[in-house]
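I opened this model to go through its fold piece by piece, and I am keeping these entries as a record of what I looked up and where.

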Amino acid sequence: MLIRRHIGLFIVILSFIVLSFGIPFALPICYIFDLSASNRLASTRALFFIMGLLAMEIFGVLISFIIWIIEFPHLNKKRFEHRNYLLQNWWGMTIAKIGIRIYKLKFSIEEPFEITNESFILFIRHSSFIDTFLPIFLISSKHQIRLRYILKEELLFGPCLNIVGNRIPNVFVRRDKVNTQRQLEEIRNLVINMPIGEGVVLYPEGTRFTKEKQEYIRSKA
């Protein structure tokens with residue numbers, strides 16, 4: 001976990017520095033390419049989004065360090081957890097807003113869902129990058145509901161998620177069938193020990209959605 005955190009933080013900081021100095025050169029190139037390809041400024045928008053994402057990773061790590069200092073020696077675990085939940089919501093909401101503004105995204109809810117005081121499991125179809133922020137954008141921040149996540153272990157290379165995600169109840173699973181029983185027990189405890197009114201987020205396919213993966217899951221059900 002610590003190795004992934006350090007590697008991820010190094011890559012994020014290095015990438016942010018390189019892009020910060022290189023954007024005066026990269027931006028005109030991306031813009032000219034987009035105009036010639038008539039792709040609605042896809043490369044230019046991606047460049048700005050990547051810069052915003054890297055900046056938020058760095059800000060998130062800095063704020064998580066401030067929380068750690070303020071709460072030291074972490075005697076009040078509930079308050080420490082609460083502050084990290086607030087950071088998770090702010091971080092996820094800000095990245096979502098950056099993506100919405102840059103890509104001019106619009107949301108359409110066909111069947112409005114009802115929020116109750118019951119605990120629940122939220123199944124999300126993972127078909128795009130923005131799907132990872134939908135639970136925070138539509139549920140956590142809007143309705144002040146705490147969510148726990150079951151995520152793939154590879155995401156721990158994201159330094160902010162690595163730090164904050166391990167301070168609050170979440171489970172990061174390996175997908176190579178190693179220690180499957182132990183991981184199932186962790187997921188079971190995550191759900192069983194969940195307070196009333198909170199939810200668990202699960203991406204059933206475990207990765208980006210495709211019809212082939214859906215059919216495979218159905219065949220194993």
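**Entry 1: the crossover unit.** I began with S2, H5 and S3, which together make a right-handed β-α-β unit; I note at the outset that this is a predicted model. The two strands of the unit, S2 (residues 147-152) and S3, pair in the parallel sense over four bridges. To fix the register for myself I looked up one pair, and found that Tyr149 has Asn170 in S3 as its bridge partner.

**Entry 2: the sheet around it.** I then asked in what order the strands of the open sheet lie. The order is S1-S4-S2-S3, four strands with parallel pairing. S1 (120-123) and S3 are the edge strands, each of them pairing on one side only, and from one strand to the next the twist averages 20°. On the S4 side, S2 and S4 (residues 199-202) are also joined by four bridges in the parallel sense, and there I noted Ile150 standing opposite Leu202 in S4.

**Entry 3: the side chains of S3 and the helix across the strands.** Since S3 is an edge strand, I wanted to know whether its residues are buried or exposed. Asn170 and Phe172 point one way from S3 (residues 170-173), Val171 and Val173 point the other way, and all are buried. I also looked at helix H6 (residues 180-192), which lies across S2, S3 and S4 and runs at about 160° to S3.

**Entry 4: helix H4 and Ser140.** Going on to H4 (134-143), I listed its buried residues as Leu134, Pro135, Ile136, Ile139 and Ser140. What do the buried residues of H4 pack against? They pack against H3, S1, S2 and S4, so I recorded a helix and three strands as their partners.

I then took Ser140 from this list for a separate look. Its relative accessible area is 1%, and because buried means under 20%, Ser140 counts as buried. Leaving aside residues up to four places away in sequence, Ser140 touches Asn89, Ile145 and Leu147, and Pro135 as well. I also looked up its distance to Met93, which is 47 residues away along the chain: the C-alpha atoms of Ser140 and Met93 are separated by 9.4 Å.

**Entry 5: two long helices compared with their expected spans.** I asked how the end-to-end span of H1 (residues 2-37) stands against that of a straight helix of 36 residues. At 1.5 Å a residue a straight helix would span 52 Å, whereas the end C-alpha atoms of H1 span only 42 Å. Looking along H1, I found a kink of about 65° at Ile23, shortly before the proline Pro24.

For H3 (residues 77-103) I repeated the check: its 27 residues should span 39 Å at 1.5 Å a residue, and its end C-alpha atoms are 39 Å apart, so the two values agree.

Returning to H1, I noted its buried residues as Arg5, Gly8, Val12, Ile23, Cys30 and Asp34, a list that includes Ile23, where the kink lies. These buried residues pack against helix H2 (42-71) and helix H5 (159-165), the latter being the helix of the crossover unit in my first entry.

**Entry 6: backbone angles worth a note.** Most residues other than glycine have a negative phi, and most peptide bonds are trans, so I searched for exceptions to both. Ser38, which follows H1 in the loop between H1 and H2, has a positive phi near 50°. With a relative accessible area of 63%, over the 50% cut-off, Ser38 is therefore exposed.

Gln144 comes just after H4, in the loop between H4 and S2, and has a positive phi of about 55° although it is not a glycine. Is Gln144 buried or exposed? Its relative accessible area is 63%, so I entered Gln144 as exposed. A further case is Lys104, which follows H3 and has a positive phi near 55°.

For the peptide bonds, I noted that the one from Phe72 to Pro73 is cis, with omega near 10°. I placed Pro73 in the loop between H2 and H3.

How values were computed: Residues numbered from 1 in each chain as written. Predicted model: local features only at pLDDT ≥ 70, side-chain atom pairs only at ≥ 80, totals over all residues. Heavy atoms only, no water. Expected span 1.5 Å × (residues − 1). Bend = angle between axes of the 7 residues up to and from the residue. Buried < 20%, exposed > 50% of the residue type's maximum accessible area, 1.4 Å probe, protein only. Contact = heavy atoms within 4.5 Å. Pairing = 2+ DSSP bridges. Right-handed = clockwise from strand over helix to strand, strands pointing away. Axes fitted to C-alpha atoms, helices over the stretch in contact; angles between N-to-C directions.
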